[in-house]
Amino acid sequence: MTEGSKVNENIKNLSMQVNLDDFIPATAEEKEYMVQMRPSTTAFKDGIRRLRKNKVAMVSFYIIVIITLAAIFVPMFWPYKYEMMLGMQPGKPVDATFNNLKPFEYSTTEQALRDQGQSVFPHIFGTDSAGRDYFIRVVYGTRISLAVGFFASIIVLVIGLLVGSVSGYAGGKVDMVIMRIVDIIYSLPDMLMVILLASVLKMTLASKLEGTPLAKIGSNIISLFIIFALLYWVSMARLVRGQILSLREQEYVLAAQAAGAKGSWVIRKHLLPNCVSVIVISTALQIPSAIFTESYLSFLGLGVNAPMPSLGSLASDALNGLSSYPYRLVIPAIVISLIVLSLNLFGDGLRDAFDPKLNG
Amino acid sequence: MNPKTLKYILKRIVLAIFTIWVVITLTFFIMHAVPGGPFVGEKAVTPQVQKAMEAKYGLDKPLFQQYLTYLTDVCRLRFGPSLKQRGRMVIDIIGDGLKTSAKLGVIAAAIATVLGVILGSFAALRRNTVLDRVIMVITTAFVSMPSFIMGSLLLVAFAVRSHIFPANGSTPAGLVLPVITLMLYPMSYITRLTRSSMLDVLGQDYIRTAKAKGVSRTNIIFKHALKNALIPVITYLGPELAYITTGSLVVEQIFAVPGIGRAFVNSITNRDYTLIMGTTIVLATFIVIMNLVSDIMYKVVDPRINLE
């Protein structure tokens, strides 16, 4: 049979298959099938809906929001400053009664003012051994810890994303060299290296930073960021590379390409949406681990520079007066555990909501 | 052993040796990046004395030659004398500290693993009961608490307030609190790990087959389920020991335990460079080897695992 006659045969078959019943107007009952049960959603909206149903994750989320807002706004209107030693007023002798106040206690000068009928703002958590209001130090310490956690995670994200995507796209020798480097950094004992780097950077950076705007942040926080940039990007790079390698081979990418989709369309509509959730979740889970590391270093005296407080350094300072003022340790301990716990639970909730593949 | 497993083990050993070399090299060059060298901060010394000291420790030679000397010394476990503790060798300080730290670490790791497996299995077998919920809530809380905070809180509660245990960790009774501090995190982690892998195993077909055959419940749990559920726990043994090692740095500091961790932290505050380098290398080597062993064990124990 020749090619032409085959086509003719097909056309004949087609004409015979037309069923006239198909052209009768639909009945009311048939129209029912076409009614949308639920408006169509995007993957993002669907994830949000699943997240909202997860009570543990939502409670954690509200706790994080409240703590973050408090850490940002409370220092703005609070009458005391975190570095203000209340007993040391310019032009007056040092008033030691401000030091080591118990919660809601007043110094002799403040008590005198109160006796005259003036109102004095209470020291909710008392004051520390240098006469600084402890409540504002805890709030400010929370601010520092959160900021360090956030920016460290951003650094990890940017470096990991860059190296991972280069490695994934380039492939071949470049990929192999990068992945061997990643393997080695990955198997380095991170905490030991962090302590080593922090102790050395602390000494070298301080003199170099003097006079630059960075000096305000403090050499120790900068060295903490450098450490994260050097050591912690590896798992993010591995993750991004793995994502790119596996997504490139997916059938729907092939299908899109076969349908004539351009490269930019494939990246925007197929690769990014599938990649983003995994990367965002792993960044979210990086924040508590960064806060953990910062508090650990602060505890060893390698964290933030005095008089700036962080939750770890507050806990560390509290060890000196432990028998008389145990609440000075308990308060930052509770705050730090609460932050890490809520961030972890919220991160888990995010993963459950946005990455159904992981749930099996 | 099949050649694929052997190839994997060889590859991992090469990577581990390479990692240890990187640690030694990094430690050496990081320490040499410190401005002024190791004798800054000593009492005022004349330039001649400074020269003599540098010559004594070989610091006047070119950097690369110093590095090579250091590398051969490290391989022979010669870390030189401590710069701050007069007349003591670094290797002796490390050796003394290791005795206490090893005792602390081994006890903590053993209790954490055993308790974790028991609690995890119980939670899985009594799934969705009150017992399961309580275990999960407690372990979630422990996983979120840094070891130094846990240690400080225990110190307040049991040593400062109620004097049940001594606050000083140099006596056997004083080791109780440090052990508890160190074991809580790995115990909670192992509990969660065992629970989820146990649940996974209990849903497998061969458990149903065993039940159908009339195997007793005890036999099913111990011979069929637990054996398989413990495989993921093996992978965690390396990280567990690494956690306990680094955790002991602060825990020994809090409870004044005379171990290697406290020596390390003190050496950082004292800027005792040879001691910092020695301790870092010893601890890092230990962690790398532990990770290597637990990874290899994991692959050897379970033939189902794909080595690629």
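**A256(B) is partly exposed, because it has 15 other C-beta atoms within 10 Å.** On this scale a residue is buried if 20 or more other C-beta atoms, placed from the backbone, lie within 10 Å of its own, exposed if 12 or fewer do, and partly exposed in between. The model is predicted: local features need pLDDT of at least 70, side-chain atom pairs count only at pLDDT 80 or more, and totals for chains, interfaces and linings use all residues. Residues are numbered from 1 along each chain as its sequence is written, while chains are lettered from A and ligands numbered from 1 in the order in which they are written. Look for A256(B) in the loop between α10 and α11 of chain B. Its phi is near 55°, a positive value in a residue other than glycine.

**Chain B is built from twelve helices and zero strands.** Helices (H or I, at least four residues) and strands (E, at least two) are DSSP runs, numbered from the N terminus. Read along the sequence, the pattern is simply α-α-α-α-α-α-α-α-α-α-α-α. Along the principal axes, the C-alpha atoms of chain B fill a box of roughly 85 × 60 × 25 Å. Of its 308 residues, 38% count as buried. Now take the contacts in chain B between residues at least 6 apart in sequence: 75% of them join residues at least 24 apart. (Two residues are in contact if their C-beta atoms, placed from the backbone, lie within 7 Å.)

**Helix α3 of chain B runs over residues 63-75, and L77(B) follows it.** What span should the 13 residues of this helix have at 1.5 Å a residue? The expected value is 18 Å, and the end C-alpha atoms are indeed 18 Å apart, so the two agree. (The expected span is 1.5 Å times one less than the number of residues.) L77(B) itself sits in the loop between α3 and α4 (90-125) of chain B. Here is another residue other than glycine with a positive phi, this time near 60°. L77(B) has 13 C-beta neighbours inside 10 Å, so it counts as partly exposed.

**T274(B), in helix α12 of chain B, is a buried residue.** Why is T274(B) called buried? Because 20 other C-beta atoms lie within 10 Å of it. Leaving aside neighbours within four places in sequence, T274(B) is in contact with F79(B), G80(B), P81(B), S82(B), L83(B) and V90(B). Q65(B) is 209 residues away from T274(B) in sequence, and their C-alpha atoms are 17 Å apart in space.

**Here is where the two chains meet: 34 residues of chain B are in contact with 33 residues of chain A.** On the chain B side, α1 (3-32), α6 (147-161), α10 (231-254), α11 (260-270) and α12 (273-301) each supply at least two of the touching residues. What kinds of residue does chain B bring to this side? They divide into 26 nonpolar, eight polar and no charged. (Ala, Val, Leu, Ile, Met, Phe, Trp, Tyr, Cys and Pro count as nonpolar, Asp, Glu, Lys and Arg as charged, and the others, Gly among them, as polar.)

**Helix α7 of chain A (residues 172-187) packs against α1(B) at an angle of about 70°.** The axes of these helices are 9 Å apart. Therefore α7(A) is roughly perpendicular to α1(B). (Axes are lines fitted to C-alpha atoms, for helices over the stretch in contact, and angles run from 0 to 180 degrees between N-to-C directions; under 35 degrees is roughly parallel, over 145 roughly antiparallel, 65 to 115 roughly perpendicular and the rest oblique.) From α7(A) come D183(A), I184(A) and S187(A), which meet L15(B), F18(B), T19(B) and V22(B) of α1(B). By class, this contact has four nonpolar, two polar and one charged residues.

**V340(A) lies in helix α14 (residues 327-354) of chain A.** V340(A) has 24 C-beta neighbours inside 10 Å, so it counts as buried. Not counting residues up to four places away in sequence, V340(A) touches P288(A), I291(A), F292(A) and, from chain B, S144(B). S289(A) is 51 residues away along the chain, yet its C-alpha atom and that of V340(A) are separated by 7.9 Å.

**G242(A) belongs to helix α10 (residues 233-248) of chain A.** Is G242(A) buried or partly exposed? It is partly exposed, because 14 other C-beta atoms lie within 10 Å. G242(A) and S167(A) are 75 residues apart in sequence, with 9.6 Å between their C-alpha atoms.
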